[in-house]
Amino acid sequence: MIEQDDFDIGSKLHTIVRGEDEAAMVESVGLALVKLPDVLQRLSPDILVIHGDRFDALALATAAALMNIRILHVEGGEVSGTIDDSIRHAITKLAHYHACCTRRAEQHLIAMCEDHSRILLAGCPSYDKLLSNNHRDDYMDIIRSWLGDKVQESDYIVALQHPVTTDIQNSIKIYGLMLDALISFNKKTLILFPNIDAGSKEMVRVMRKKGIEQHPNFKAVKHIPFDHFIQLVSHAGCMIGNSSCGVREAGAFGTPVINLGSRQTGRETGENVLHVRDADTQDKIYHALELQFGKRYPCSKIYGDGNAVPRILKFLRTIDLNEPLQKTFCFPSVKECISQDIDHILETQSALAVDLGGTNLRVAIVGMRGKIVKKYTQPNPKTFEARMQLMLKMCVDATRDAVSLNCRILGVGVSTGGRVNPQEGVVLHSTKLIQEWSSVDLRTPLSDALHLPVWVDNDGNCAALAEKKFGHGKGVENFVTVITGTGIGGGIIQNNELIHGTTFCAAELGHIIVSLEGPECSCGSRGCIEAYASGNALQREAKRLHDEDLLKVEGLNIKQAEPITAIHLINAARLGNNSADAVLNKACTALGMGIVNILHIVNPTLVILSGVLASYYHAPVQRIISERALQSAQNIKVLTSELEEPALLGAASMVLDYTTRRLL
């Protein structure tokens with residue numbers, strides 16, 4: 001395959017000693033060490049890139065280190081559960097520079113006393129090809145070329161099991177049980193031969209004894225080109241075995257995986273992996289197949305985002321070939337904060353935040369501390385197709401820009417008006433401000449296009465989450481956020497958790513009824529807080545007073561063609577207009593009484609007013625609470641939010657809280 005890709009090949013070495021046992025592995029390393037010095041002396045590389053944890057890589061690292069050749073080790077710091085761990089960590093100690101795949105692997109390298117400044121958190125290089133090639137129009141042609149014309153998408157299994165060199169006999173037993181379970185499960189199965197580690201010869205004997213190569217449900221192969229393998233794993237109903245591909249590559253597609261035995265015990269995995277570590281019976285493996293086959297999971301980004309190669313190239317260019325070759329080790333205890341002020345060492349963990357408002361569609365790259373690195377704003381289209389197309393384009397542009405801005409995008413958070421099912425990422429019902437926006441699945445198209453996990457919630461809940469992470473709600477177990485803007489909304493945090501309710505309409509605070517005979521609300525009911533105190537309600541009353549010639553007051557100048565807004569009403573009241581003042585008093589009372597009702601129901605520690613009208617309503621609401629609430633609730637504080645972008649920050653917090661919790 002290297003020859004097919006037209007690489008310039010400096011040398012070919014035949015170093016693998018046949019035998020597939022422990023002695024053959026040792027002899028292969030020894031043979032490589034005999035042959036490598038002449039090759040390395042002739043090629044004289046500035047830097048030698050060594051990948052992974054195989055025994056042949058250990059021979060290469062040993063020879064290069066003894067010959068004073070700089071080594072960049074790719075995919076170090078990981079933990080699996082076999083002799084590969086020892087080999088991988090041995091290569092780490094021989095290597096001068098490191099390009100690792102995950103945050104945890106980076107922490108392991110630092111714990112092994114490697115120099116912080118020589119570690120790059122790059123992601124897995126194979127993900128670059130993986131994520132750019134997994135959507136192919138001809139994927140069914142590829143699948144059928146390996147499994148036959150009758151096979152259907154997600155209705156076949158990919159099996160790949162290797163020997164565990166530290167527990168060979170048990171791994172052979174598990175292999176036989178897996179084959180028995182697959183035969184009983186009766187699904188089309190593509191099974192790859194095991195690798196050449198000690199024990200593989202015995203595993204092949206087990207396969208042949210069970211007649212797998214002749215079985216009509218099985219296709220046994222020794223090798224599959226990587227671009228074909230991507231399609232086969234991506235569209236499989238399940239993957240089973242103990243290959244690292246199951247815990248790494250398969251997670252990028254959300255393919256369900258059954259991991260058998262101890263070979264990948266220490267690997268980081270996405271939620272798509274079901275472990276059967278004690279795979280001692282056929283029934284246990286069969287039951288795992290029943291649980292996993294045909295499922296689909298969110299795409300996992302633990303091992304990369306498709307930009308590893310540009311990061312590694314950037315890192316390589318920074319290496320000073322004149323600096324001392326001798327390695328230095330950082331033996332003092334590792335500091336809690338490992339961030340470095342050099343862009344190629346550690347990128348800023350960030351979220352992609354989307355805010356779908358009634359007027360604008362906004363996308364932002366948001367850092368861990370709530371800093372908006374870059375923001376994109378476009379008018380929100382009126383049709384579903386145009387809106388989705390624009391949102392996807394803006395998100396793709398932002399993820400592309402994130403690389404140059406040194407931001408690692410961990411996921412996408414979406415804030416939108418209406419009732420949302422956050423578990424499914426679906427907008428159930430929209431507000432009147434956003435047309436054609438009901439029963440809309442936002443998670444799937446965004447996740448498919450960006451290869452990122454996606455969270456969705458409504459704007460009120462997002463405002464509460466923003467306050468919890470970045471605002472007045474930080475460290476407060478129980479609080480309520482009330483948005484006072486075009487409409488009235490909000491979110492409730494109870495015991496540090498956001499309350500959604502059975503049908504996801506908890507915290508519809510704007511539709512608390514405060515009058516049986518009040519004005520009609522946009523929800524169709526009467527007397528809701530929103531019908532009195534929202535920006536739309538105040539604008540409606542301002543227009544009514546203006547039409548009745550009752551908005552005039554000395555000092556208020558309204559041009560003839562100027563649209564009448566809530567601001568005119570507030571300014572008129574401040575200048576002494578009694579009619580405007582009466583409208584605003586009623587609005588303040590309605591909002592204040594609604595919040596009193598909230599205090600009596602959920603009894604929060606704090607109420608946070610957010611939105612454009614928050615500063616105006618703050619004092620009246622606090623007064624009404626002190627006058628009308630039960631004595632035990634009268635001292636509850638009301639604060640005005642200091643966050644400029646609560647919707648975007650709340651959308652970002654869904655990503656940052658979840659992904660960083662999983663990484664740690």
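Which elements make a right-handed β-α-β unit with helix α7 (residues 168-185)? In this predicted model, the unit consists of strand β5, helix α7 and strand β6, and its handedness is right-handed. The two strands of the unit, β5 (residues 156-160) and β6, run parallel and are joined by 5 bridges. Within this pairing, Tyr156 has Lys188 of β6 as its bridge partner.

Strand β6 (residues 188-192) also takes part in a further unit of this kind, in which β6, helix α8 (residues 200-209) and strand β7 form a right-handed β-α-β arrangement. Here, β6 and β7 (residues 218-221) run parallel, with 4 bridges between them. Leu192 is paired in this ladder with Val221 of β7. Strand β6 is thus bridged to β5 and to β7. With regard to solvent accessibility, β6 is mostly covered, as 4 of its 5 residues are buried.

A separate description applies to strands β1 to β4. These 4 strands form an open sheet in the order β1-β2-β3-β4, with parallel pairing. The edges of the sheet are occupied by β1 (47-51) and β4 (119-121), each of which pairs on one side only. From one strand to the next, the twist averages 20 degrees. Inside the sheet, strand β2 (residues 70-74) is connected to strand β3 (residues 97-100) by 3 bridges, and the two strands run parallel. At this pairing, Val74 stands opposite Ala99 of β3. Helix α4 (residues 103-111) packs on the sheet and touches both β3 and β4. The direction of α4 makes about 170 degrees with that of β4.

The internal voids of the model were also examined. Rolling a probe the size of a water molecule over the atoms shows where empty space is left. The structure contains 5 cavities of 30 Å³ or more, and the largest of them has a volume of about 60 Å³. The lining of the largest cavity includes Gly77, Glu78 and Val79. Thr102, Arg104, Ala105 and His108 also line this cavity, and among these, Arg104, Ala105 and His108 belong to helix α4, which spans residues 103-111. The remaining lining residues are Gly266, Arg267, Glu268 and Tyr303. Helix α4 therefore both packs on the sheet and, under the lining criterion of an atom within 4 Å of a cavity point, contributes residues to the wall of the largest cavity.

Conventions: Residues are numbered from 1 along each chain as its sequence is written. This is a predicted model: local features need pLDDT of at least 70, side-chain atom pairs count only at pLDDT 80 or more; totals for chains, interfaces and linings use all residues. Side-chain values use heavy atoms; hydrogens and water are left out. Two strands pair if DSSP finds at least two bridges between them. Axes are lines fitted to C-alpha atoms, for helices over the stretch in contact, and angles run from 0 to 180 degrees between N-to-C directions. Contact means heavy atoms within 4.5 Å. Buried means under 20% relative accessible area, exposed over 50%, partly exposed in between (1.4 Å probe, protein chains only). A crossover is right-handed if, with the strands pointing away from the viewer, the path from the first strand over the helix to the second runs clockwise. On a 1 Å grid over the protein atoms alone, a cavity is a set of points where a 1.4 Å probe fits but cannot get out, and a pocket is an open set with protein on both sides within 12 Å along at least five of seven lines; lining residues have an atom within 4 Å of a point. Grid points are joined across faces, edges and corners, and a volume is the space filled by probe spheres set on the points.
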